Amino acid sequence: MADPTVPNPVDPSMGSTPPVPPVPPSKPALSSRSLAVGVVGLVVGALAVGIPWATSGSGTAFGAESGALKAPASIGAYVPLAQNPKTDAATAKRIQTSDPISAKNLSAAYGGAATTVQQYSDAGLENFVELEAVRAQSPTPFLPYVDAASIGMDKPTQEVDTFGHVNCLVANTPVPAGQQEQPGSSSAVTCERTSAHLTIRLRFGGDGDLMHSPQQAAALVDTAWNSMS
């Protein structure tokens with residue numbers, strides 16, 4: 001079942017996520033994009049046409065490194081969105097506009113590190129994945145602790161789950177304590193893997209089942225990692 005909080009990037013009526021304002025180079029900082037579930041979605045960007053956008057600089061924040069990064073031709077069964085025959089011309093145009101901006105903003109947020117941003121989808125345009133790769137290390141995702149039992153819930157509404165080397169920000173549909181959790185009630189918002197020289201982050205959206213299986217979403221990060229590291 002579709003997650004109503006996640007816009008479909010091929011539906012013009014849903015709009016596109018506005019670009020993140022670039023961080024001034026003199027004050028490098030982590031990306032200020034909210035992790036709240038209500039604003040999660042896919043920014044449709046330029047390099048789904050198959051030409052990844054890469055930026056580089058001389059900054060050293062977060063271990064930032066210059067040098068090109070190339071997005072993979074595919075991530076498992078997922079191919080660049082603009083190369084999908086079902087992608088319409090308007091979506092392709094938005095892709096050409098927004099992903100270069102996202103890549104520049106990502107580079108600025110990491111002190112000038114090399115970056116690449118690219119959108120992917122499955123053949124049926126049911127699942128959408130945004131790849132964000134940067135030549136720098138990222139901190140482990142953090143959320144304030146919530147004692148779910150103390151508020152009568154089975155799980156907190158958001159939590160960080162770890163699958164091997166991958167950390168996922170997971171949104172949970174509220175379930176009162178003692179009630180059975182329904183299949184698909186946990187959704188991967190973002191999953192990422194990091195090292196001293198590389199961070200790969202995937203954002204998930206669409207009407208398909210991928211984001212509703214955090215373990216599968218984490219496995220897709222490993223697939224991307226193996227093709228880029």
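This is a guided tour of one predicted protein model, going from the whole chain to its sheet, its helices and a cavity.

Because the model is predicted, local features are given only where pLDDT is at least 70 and side-chain atom pairs count only at pLDDT 80 or more, while totals for chains, interfaces and linings use all residues. Residues are numbered from 1 along each chain as its sequence is written, and side-chain values use heavy atoms, with hydrogens and water left out.

**The whole chain**

Begin with the protein chain shown as a cartoon, where the secondary structure comes to 2 helices and 7 strands; helices (H or I, at least four residues) and strands (E, at least two) are DSSP runs numbered from the N terminus. Followed from the N terminus on, the elements run β-α-β-β-β-β-β-β-α. Of the 229 residues, 48% count as buried, where buried means under 20% relative accessible area, exposed over 50% and partly exposed in between, with a 1.4 Å probe and protein chains only. Among contacts (heavy atoms within 4.5 Å) between residues at least 6 apart in sequence, 71% join residues at least 24 apart.

**The sheet**

Next, select the strands, which form an open sheet in the order E1-E2-E3-E7-E6-E5-E4 with antiparallel pairing; two strands pair if DSSP finds at least two bridges between them. Strands of a sheet pair through backbone hydrogen bonds, either parallel or antiparallel. At the edges you will find strand E1 (79-80) and strand E4 (158-163), each of which pairs on one side only.

From the edge at E4, step to strand E5 (residues 166-172), which pairs with E4 in the antiparallel sense over 6 bridges. Two of the partnerships can be picked out by residue: Glu-159 has Val-170 in E5 as its bridge partner, and Asp-161 has Cys-168 in E5. The hairpin of E4 and E5 has 2 residues between the strands, and Gly-164 takes a positive phi near 65° there.

Moving on to E6, you will see that E5 and E6 pair in the antiparallel sense over 6 bridges, with Val-170 standing opposite Ala-188 in E6. Strand E6 is mostly covered, since 8 of its 9 residues are buried. On to E7: 5 bridges join E6 to E7, which run antiparallel, and the bridge partner of Thr-190 in E7 is Arg-203. These two strands, E6 and E7, form a hairpin with 4 residues between them.

**The helices and a loop**

Now select helix H1 (residues 89-109), which lies across strand E2 (115-121), strand E3 (127-134) and strand E7 (199-206), running at about 140° to E2. Angles here run from 0 to 180 degrees between N-to-C directions, and axes are lines fitted to C-alpha atoms, for helices over the stretch in contact. Helix H2 (residues 214-228) also packs on the sheet, touching E2, E3, E4, E5, strand E6 (186-194) and E7, and its direction makes about 25° with that of E6.

In the loop between E2 and E3, select Leu-125. Its phi is near 55°, a positive value in a residue other than glycine, and at 13% relative accessibility Leu-125 counts as buried.

**A cavity and two of its lining residues**

A search of the whole structure finds 2 cavities of 30 Å³ or more. On a 1 Å grid over the protein atoms alone, a cavity is a set of points where a 1.4 Å probe fits but cannot get out, and lining residues have an atom within 4 Å of a point. Grid points are joined across faces, edges and corners, and a volume is the space filled by probe spheres set on the points.

To visit the second largest cavity, with a volume of about 50 Å³, select its lining: Asp-154, Lys-155, Pro-156, Thr-157, Asn-172, Thr-173, Pro-174, Val-175, Glu-181, Ser-185 and Ser-186. This lining divides into 3 nonpolar, 5 polar and 3 charged residues, where Ala, Val, Leu, Ile, Met, Phe, Trp, Tyr, Cys and Pro count as nonpolar, Asp, Glu, Lys and Arg as charged, and the others, Gly among them, as polar.

Pause at Val-175, in the loop between E5 and E6, which is buried with a relative accessible area of 11%. Leaving aside neighbours within four places in sequence, Val-175 is in contact with Met-153, Asp-154, Gln-180 and Glu-181.

End at Ser-186 in strand E6, buried with a relative accessible area of 10%. Not counting residues up to four places away in sequence, Ser-186 touches several residues, among them Lys-155, Asn-172, Glu-181 and Pro-214. The C-alpha atoms of Ser-186 and Gln-158, 28 residues apart along the chain, are separated by 9.1 Å.

Note on methods:
On a 1 Å grid over the protein atoms alone, a cavity is a set of points where a 1.4 Å probe fits but cannot get out, and a pocket is an open set with protein on both sides within 12 Å along at least five of seven lines; lining residues have an atom within 4 Å of a point.
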